[in-house]
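Colleague: Could you walk me through this one and tell me what stands behind each label you use?
Modeller: Gladly, here it is.

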Amino acid sequence: MPSIWEKEHKLKRWVKKNQKKLFDFNFDFDLMDIKSDPLLYYLSKNLNIENNYIYTSAGISQLINSILTLPRWTNIYIIKNEFALYERTLDIYEKKKKIINEGNFESLIKFFKNYKSLDTDLFCFSSPRWYNGVNITIKELEELQYYFKGNIIIDEAYFDYSNNLNGFINYCLENDNIILFRSFSKKFFMPGLRVGYMITKVHFDHIRDTIIPPHSISTLSSRLAVSLLRDAKLLNYFNNINKYIINCRKYLYKNLNIKYKECTIYNSESNFLTIQFRSIVNYMKFYMKIKDFPGIQCFEEKKFIKIWITNMDICQKIVNAIND
């Protein structure tokens, strides 16, 4: 499927207008003073937080590699089937990991009630969740912190489609053990841009030395990200697209939840909707009705289907196909 950057005339005109500036590969900041990095400056301005708490990187993948492999962690807890990249990284570096086979937040709390965690432990999870798009609440996070004593990474890769567009920034800055991972990929439909950032009050010695340009983000990606953050009209354009996708997702959830009762349809706050089936028979029946639509991702072993939101026309056709 063509990228939105290839289809939309508005975006193609924007790239053409900014082409000369984007392809100027000279550094416009002092490498010895990372806080002069314009990307860091505009992120700080856009998020309205101090740049001391922001760390830029070549996507979330570089943050995973840089933070999870630090020697400071005693145990690293990850959730089964949620973080394949996290798990692969830990295996490559032979880090001590503990896999949690949890299905919901209640079982997660039960797990940590039975395990005595250390302040040198690390727990990684996503919000909205990778597999069902459900957002954890502040109350749930507070309960989690009561039982888990270490540091917590919250991967907010999909937060741009949640009902709370501030995410956990305020909570993060009120606590000394919360680490947020974020990406430009989902909001701006540019996974190849490889721009991410971390927000945290946790102190990491010399971490900026390993995740700053020119060792991470390319000059082109950095300039493009800065240009996006500086352009209020373009930011508003993407915000409206995000709102449109949210409305499409809500329509799909409302109609499938009413019409189709043989499964669990999660109230997602991401750019997809997840449907969990109780039997493989119902799973296959549902799949055969929607398999030819774009954005259908199947996990037969786990009996759940992800419907990635594209547009209202496709959502309406999916509803009609299910109800036939």
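What follows is a short talk about confidence, strands and a surface patch.

Modeller: A note first: this is a predicted model, where local features need pLDDT of at least 70, side-chain atom pairs count only at pLDDT 80 or more, and totals for chains, interfaces and linings use all residues. Residues are numbered from 1 along each chain as its sequence is written, and side-chain values use heavy atoms, with hydrogens and water left out.

Colleague: How do you know which element has the highest mean pLDDT and which the lowest?
Modeller: pLDDT is the predictor's confidence in each residue, from 0 to 100. Strand E5 (residues 151–155) has the highest mean, 96, and helix H10 (residues 208–211) the lowest, 64. The protein averages 87, and 92% of the residues score at least 70. Helices (H or I, at least four residues) and strands (E, at least two) are DSSP runs, numbered from the N terminus.

Colleague: Why is E5 called largely enclosed by the rest of the structure?
Modeller: Buried means under 20% relative accessible area, exposed over 50%, and partly exposed in between (1.4 Å probe, protein chains only). Five of the five residues of E5 are buried, so the strand counts as largely enclosed. Asn 151, Ile 153 and Asp 155 lie on one side, Ile 152 and Ile 154 on the other. In a regular strand the side chains alternate between the two faces of the sheet.

Colleague: What makes E4 and E5 a pair?
Modeller: Two strands pair if DSSP finds at least two bridges between them. Strand E4 (residues 122–126) and E5 have five bridges, in the parallel sense, so by that definition they pair. Ser 126 has Asp 155 as its bridge partner in E5. Asp 155 also stands opposite Phe 181 in E6, and E5 runs parallel to strand E6 (residues 178–183) over four bridges.

Colleague: What do E10 and E11 form, and how many residues lie between them?
Modeller: They form a hairpin with four residues between them, and Lys 303 in the turn has a positive phi of about 60 degrees. Strands E10 (residues 296–299) and E11 run antiparallel, joined by four bridges, with Phe 299 opposite Phe 304.

Colleague: Why is Met 284 called partly exposed?
Modeller: Met 284 has a relative accessibility of 30%, so it counts as partly exposed. Its place is in helix H13 (residues 280–290).
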